[in-house]
Amino acid sequence: MVGITAFGAYVPRLRLNRQAVYEANKWFAPGLRGQAKGERSMANWDEDSITMAVEAARDCLNGTDPKSLKNLYFASTTHPFKDRQNAAVIGTALTVEQGLMAADIGGSQKAGTSALIAGLNAAGSGAATMVAAADKRLARVASATELQYGDGAAALMLGTDNVIAKLLGTRSVSMDFVDHFRGDESDFDYGWEERWIRDEGYAKIVPPAIKDALQAFGLKGADITHFIMPSLMGAVPKQMAKMSGIAETAVRDLLNATLGDTGSAHALVMLVDALETAKPGDKILVVGFGQGVDIIALEVTAEIGKLSKRLGLSGWLARRKEEKNYLKFLAFNEMLPLDKGMRAEFDKKTALSVLWRKRDMIYGLVGGKCRVCGTIQFPRAQICVNPNCHAMDSQDDYPMAGLEASIMSFTADSLTYSPEPPAYYGMITFPEGGRFTADFTDCDKEQVKVGTKMRMTFRIRDNDTMRGGFKRYFWKAAPA
Amino acid sequence: MAKGIKDKVAILGMGCSKFGERWDSGAEELMVEAFKECVADAGIDMKQIQAAWFSTAIDEVHVGKSGVPLSVTLRLPNIPVTHVENFCASGTEAFRGACYAVASGAADFALALGVEKLKDTGYGGLPGGRGGPLQALWNANGTAPGNFAQLASAYMATHNVKYDDLKRAIAHVSWKSHQNGAKNAKAHLQKAVDMDTILNAPMIAAPLGLFDCCGVSDGAAAAIVTTPEIAKSLGKHDLISVKALQLAVSNGSESGHNSWDGSYLHTTRIASKRAYEEAGIKNPRDEVSMFEVHDCFSVTELVTMEDLHISETGKGWKDVLDGFYDADGKIPCQIDGGLKCFGHPIGASGLRMLYEMYLQLQGKAGPRQLKDPRIGMTHNLGGLPRENVSSVSIIGRLDA
């Protein structure tokens, strides 16, 4: 039996108030008024699809050792790198390299479901497989998609042991139906008329595919407990369900009010949402639409009750901070040419040879533990840092990304360049040993004080725009 | 411990340029300005100088590397010139090199000259982005004020000091230096400011406001040293001699081992102990007449006065508020205005501190002259609280 063995999700802390966006843009686009409700997730300036996927993957692993991972698929339409495997960055951040097959899957809104199908196929042989999906799509100012999109990620662990949702079957149709596209000369989507997409696209492609799939799986529409189908058009999933004999009560909420549409990740995000409350025996139908359709049917097993508690989608959704500053949203997405000052001009060139040598330190936050005195330290060094030890070549690897730290000293720096001044940083100490001076992220002034417990999070440190956008990633500390 | 160099080296002459935003001068002009005063004061011909140490810390924004810029600018007679850099303590390093040359007998006359020309970058504050390729991948996005500001948060937490008390104490540190700097014609900032202005200034890096941070200045300072015997043979009297030169450098324990609480300067505690021992000082609170310490930020001066073993640990803020370090206090600190007001041209600062001591000990400090000082101590710190070099010098009257 192959299926899902664990799930995780990630939603950035900031939630952009849609009314605030509308207020800023209504002089130009008064027609958006109807959508000016609720909020959408908004990545911090130091987040992208890779960092969000790492967080979702960590939520999914929930402390279990990732070393046994054999396959890692990363779905997105906003991979930060066109040529440099994005999935491999995630693997290195999870400290998995050896024996890992990593692949990026993109190019369509159904990339998430396609990655899930590929992952399920790979996991059928018993190999531990992870599928992560994340998207952080840009939208034009005063567009409807600016309100509809959200940033987020999901991750699923697939395998044959301890399956919480077993696979009943998959079916795909692939065809070049272009409801929208994003060419390689644009940051933005270009879409066709919604009525045409609904009548000629969804209505003619999806129901026949569902019918064929249910038949192949030996199911009826009425058997489906959770119907998961992302769409920017809120009525479409209900319409598809009705046309397929699936109860309207089975149609899962699109999470528009609290999150927005997370693009190629959204089918998996909604799947995590469903799994969080699903009962053994529930049957789930996941539909991914875009240049055809992917259909995945799953049945929840009794194992779901044994899955360890994790933040999941609901947990991350609950960790929210409302953002009403639309200009900040534009600035974070580099859509507002702020006067950043000369301190923003410092060269961010990365020595790739150094990054390679130190990748476990930089991407894995792997420190050292001295075999002689037991001192944990970061970075790992050839000579132990303990003033009463100083043993040489005595350290074993000691991963620290999963450990909780606390603030020893801090500041709020208004002099240094930061996309969101003041820059909070300070020395953090790990209770078992080890410390370093870390940038803080996702924090408010009141939270930053001596003793505050912090969790480590994988973030963008710098973006080398002089060389086409090489993102430097490292770990930052955020209030736990 | 080795015997040390107490009274083996005398200061023959010193010079110091006007500090400030010297839009009129490059590093070369500043070097000559300080050197002219220095060599005239020493009363020797520059051709008698046998070795030189040249300090700059951020040379990439002005003269560039090596000893060549000093040699070329002063047209030195092809003598050895060594460029030294040890963060903001570079100036004292140049002095240490020159003193060791004389103490060892390798040179009869040695020159130490430090310079920094910082105001050609186009922006305020120190130039940034100078770390190596690995540091660039993980060091926090910090500045000097942000890293020193952390001393304040850890100090308050460690010693249970209230924010308002700490803020008032560090404001008093800067208030006092502005009072003193107003009497110094060579100082960058020569204006006294009131406590309210200091307390209400914009934040640079919390809790440090604008007036908690020293100026970024252009300037140069120089010293010519020789042996007391040679100085006497040149007809000099009332000699000022070197009592101690000590340097302690972090080895990573503060930044990487959980034994440091972040509230003090570990290296300063070590360097000052060694210096008192070298100078034969048993009770510094009674024996030292005056201090020039590294007040790059007000809070640095506050904790330094504890780390120099003058104020009790955790109680220094009370001494500060009691006026212990004011011009009319028990031990005046920063009588020339300090880094805060005299200014902080990095490579020159250690020598500038010694320059003030040298003037005071000779009774030549003009309107800010202290009454009968005998022993002066400088503290020149480079780097960040978690990783630094701490340089301590004690000079005094040869007969003290």
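This passage walks through strand pairing, aromatic contacts, salt bridges and a surface patch in a predicted model.

A good place to start is strand β1 of chain A, which covers residues 3-10. Eight of its eight residues are buried, so the strand is largely enclosed by the rest of the structure. Its pairing involves two other strands of the chain. With β7(A), residues 152-159, β1(A) runs antiparallel and shares seven bridges; within this pairing, A6(A) has M157(A) as its bridge partner. With β8(A), residues 165-174, β1(A) is again antiparallel, and here two bridges join the strands. On that side G3(A) stands opposite K166(A). As a reminder for readers tracing side chains along these elements, in a regular strand the side chains alternate between the two faces of the sheet.

Aromatic contacts come next, and there are 24 aromatic pairs over all chains. One of them joins Y326(A) and F329(A), whose ring centres lie 6.2 Å apart with the planes at 25°, so the pair is stacked. Planes under 30 degrees apart are what earns that label. Both residues belong to helix α10 of chain A (residues 326-332), and because they are three residues apart there, about one helical turn separates them. Y326(A) is buried at 7% relative accessibility, and F329(A) is buried as well, at 5%. Chain B offers a tilted pair, made by F19(B) and F342(B), with 4.8 Å from centre to centre and 55° between the planes. These two rings bring together distant parts of the chain, 323 residues apart: F19(B) sits in the loop between β1 (10-16) and α1 (27-42) of chain B, while F342(B) sits in the loop between α14 (338-341) and α15 (346-362) of chain B. F19(B) and F342(B) are both buried.

Aromatic rings also gather in a cluster that draws on both chains: F378(A), F430(A), F436(A) and F474(A) are joined in it by W138(B). Elsewhere, rings meet charged groups. In chain A, the charged end of R359(A) sits over the ring of W356(A), at 3.5 Å from the ring centre. In chain B, the ring of Y264(B) has the charged end of R269(B) over it, 3.7 Å from its centre.

Turning to charge pairs, side chains of opposite charge can pair when their charged atoms come close. A search of the whole structure returns 50 salt bridges over all chains. Among them is the contact between R455(A) and E55(A), at 2.8 Å from N to O. This bridge spans 400 residues of sequence, linking R455(A) in strand β21 (residues 453-464) to E55(A) in helix α2 (residues 49-61) of chain A. E55(A) is buried, with a relative accessibility of 1%.

A second salt bridge of chain A pairs D273(A) with R252(A), the closest N and O atoms being 3.1 Å apart. D273(A) lies in helix α8 (residues 266-277) and R252(A) in the loop between α7 (236-243) and α8 of chain A, so the contact ties together parts that are 21 residues apart in sequence. D273(A) is buried at 17% relative accessibility, and R252(A) is also buried, with a relative accessible area of 17%.

In chain B, D286(B) and K330(B) form a salt bridge whose closest N and O atoms are 3.5 Å apart. Here the partners come from helix α11 (residues 284-287) for D286(B) and from the loop between α13 (316-321) and α14 for K330(B), so parts 44 residues apart in sequence are tied together. D286(B) is exposed, at 54% relative accessibility, whereas K330(B) is partly exposed, at 48%. Back in chain A, salt bridges also form a network, which links D46(A), E47(A), D442(A), R459(A) and K476(A).

Finally, the surface of chain A carries a nonpolar patch of about 550 Å², made by V178(A), F181(A), Y190(A), W192(A) and W196(A). Of these residues, Y190(A) lies in strand β10, residues 190-191. Y190(A) is exposed, with a relative accessible area of 51%. Another residue to look up in chain A is A381(A), placed in the loop between β16 (376-377) and β17 (395-399). A381(A) is partly exposed, at 35% relative accessible area. From A381(A) to E146(A) the C-alpha to C-alpha distance is 47 Å, and 235 residues of sequence lie between these positions as their separation.

Notes. Residues numbered from 1 in each chain as written. Chains lettered and ligands numbered in written order. Predicted model: local features only at pLDDT ≥ 70, side-chain atom pairs only at ≥ 80, totals over all residues. Heavy atoms only, no water. Patch = residues over 30% accessible without salt bridge, like charges linked within 9 Å, V, L, I, M, F, W, Y side chains within 5 Å. Areas by Shrake-Rupley, 256 points an atom, 1.4 Å probe, with all protein chains shown as cover. Salt bridge = Lys/Arg side-chain N within 4 Å of Asp/Glu carboxyl O. Helix = DSSP H or I, 4+ residues; strand = E, 2+ residues; numbered from the N terminus. Buried < 20%, exposed > 50% of the residue type's maximum accessible area, 1.4 Å probe, protein only. Pairing = 2+ DSSP bridges. Phe/Tyr/Trp six-rings, centres within 6.5 Å; stacked < 30°, edge-to-face > 60°. Lys NZ or Arg CZ within 6 Å of the ring centre and 35° of its normal.
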